[in-house]
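Here is a short report on one protein model. Please read it alongside the sequence and the coordinates.

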Amino acid sequence: MLKAVLRDSLVYGLASVLSKGLAIFLLPLYTRVLSPGDYGAYDLLITLGALANLVVALEIAQGLARYWADAPEPAARKRLASTSLWFSVLMYGLFLLVGLLAAPQLNALVLGDARYLDAF
């Protein structure tokens, strides 16, 4: 049991350290290639994407994880999982549609510069 916990901790910890380490090594490349304004816009878009990922689907996966163990039969679990999946697909689809239709206005509101519209 302890061996499995240590192994799993090492795998997840190594993945986290590698992703953060890669970000540190890429920072000089970003600062060399991008202007300060471009880097700021890139960072703002990454932050907004992370927030949208948390908010758009209303963390329905957390609700699924909460009720999964309480479901007494496989049919109930299947219903929970499929409802969660289709709700997430619907919400991300609506977010994509609104984002594509309102991209120029949102870009002007968030970034204030039309040259970032393609990235937005």
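UniProt, in an unreviewed entry, places the feature "transmembrane region" at residues 12-30, 42-64 and 85-103. UniProt positions follow the numbering used here, feature names are shortened, and annotations may be inferred rather than shown by experiment. In the model, residues 12-30 are 100% helix and 0% strand, with end C-alpha atoms 26 Å apart. Residues 85-103 are 95% helix and 0% strand, and their end C-alpha atoms also lie 26 Å apart.

The model is predicted: local features need pLDDT of at least 70, side-chain atom pairs count only at pLDDT 80 or more, and totals for chains, interfaces and linings use all residues. Residues are numbered from 1 along each chain as its sequence is written, and side-chain values use heavy atoms, with hydrogens and water left out.

**Overall form**

The protein has five helices and zero strands. Helices (H or I, at least four residues) and strands (E, at least two) are DSSP runs, numbered from the N terminus. The order along the sequence is α-α-α-α-α. The radius of gyration is 20 Å, well over the 14 Å that the globule rule gives for 120 residues, so the protein is more spread out than a compact globule. That radius is taken over C-alpha atoms, and the globule rule is 2.2 Å times the number of residues to the power 0.38. Along the principal axes, the C-alpha atoms fill a box of roughly 55 × 40 × 15 Å.

Buried residues make up 10% of the 120 residues. Buried means under 20% relative accessible area, exposed over 50%, and partly exposed in between (1.4 Å probe, protein chains only). The accessible surface comes to about 9600 Å², and 73% of this belongs to carbon and sulfur atoms. Areas come from the Shrake-Rupley method with a 1.4 Å probe; for residues, only the protein chains shown count as cover. Of the contacts between residues at least 6 apart in sequence, 48% join residues at least 24 apart. Contact means heavy atoms within 4.5 Å.

**Two serines in α4**

S84 sits in helix α4 (residues 74-101). S84 is buried, at 8% relative accessible area. Neighbours within four places in sequence aside, S84 is in contact with I60, A61 and L64. S88 is also found in helix α4. S88 is buried too, at 16%. With the same neighbours left aside, S88 is in contact with A57 and I60.

**The loop before α3**

L58 lies in the loop between α2 and α3 (60-68). Phi of L58 is near 55°, a positive value in a residue other than glycine. E59 occupies the loop between α2 and α3 as well. E59 is not a glycine either, yet its phi is positive at about 50°. L58 is exposed, with a relative accessible area of 58%. E59 counts as partly exposed, at 32%.

**Nonpolar surface patch**

L44, L48, L51, L54, V55, L106, L109 and V110 form a nonpolar patch on the surface, with about 680 Å² of accessible area together. Patches take residues with over 30% relative accessible area and no salt bridge; like charges are joined within 9 Å, nonpolar side chains (Val, Leu, Ile, Met, Phe, Trp, Tyr) within 5 Å. Helices α2 (36-55) and α5 (103-110) each supply at least two residues. α2 gives the most, with five. One of the patch residues, L51, is partly exposed at 46% relative accessibility.

**Salt bridges**

Side chains of opposite charge can pair when their charged atoms come close. A search of the whole structure finds four salt bridges. A salt bridge is a side-chain nitrogen of Lys or Arg within 4 Å of a carboxyl oxygen of Asp or Glu. The table includes three of them.

| Pair | N to O distance |
|---|---|
| D38 and R115 | 3.6 Å |
| D70 and R66 | 2.5 Å |
| D113 and R115 | 2.9 Å |

D38 lies in helix α2 and R115 in the segment after α5, so this pair ties together parts that are 77 residues apart in sequence. D38, D113 and R115 are linked in a network of salt bridges. Within the network, D38 is partly exposed at 23% relative accessibility. D113 is also partly exposed, at 28%. R115 is exposed, with a relative accessible area of 56%. R66, from the D70 pair, is partly exposed at 47%.
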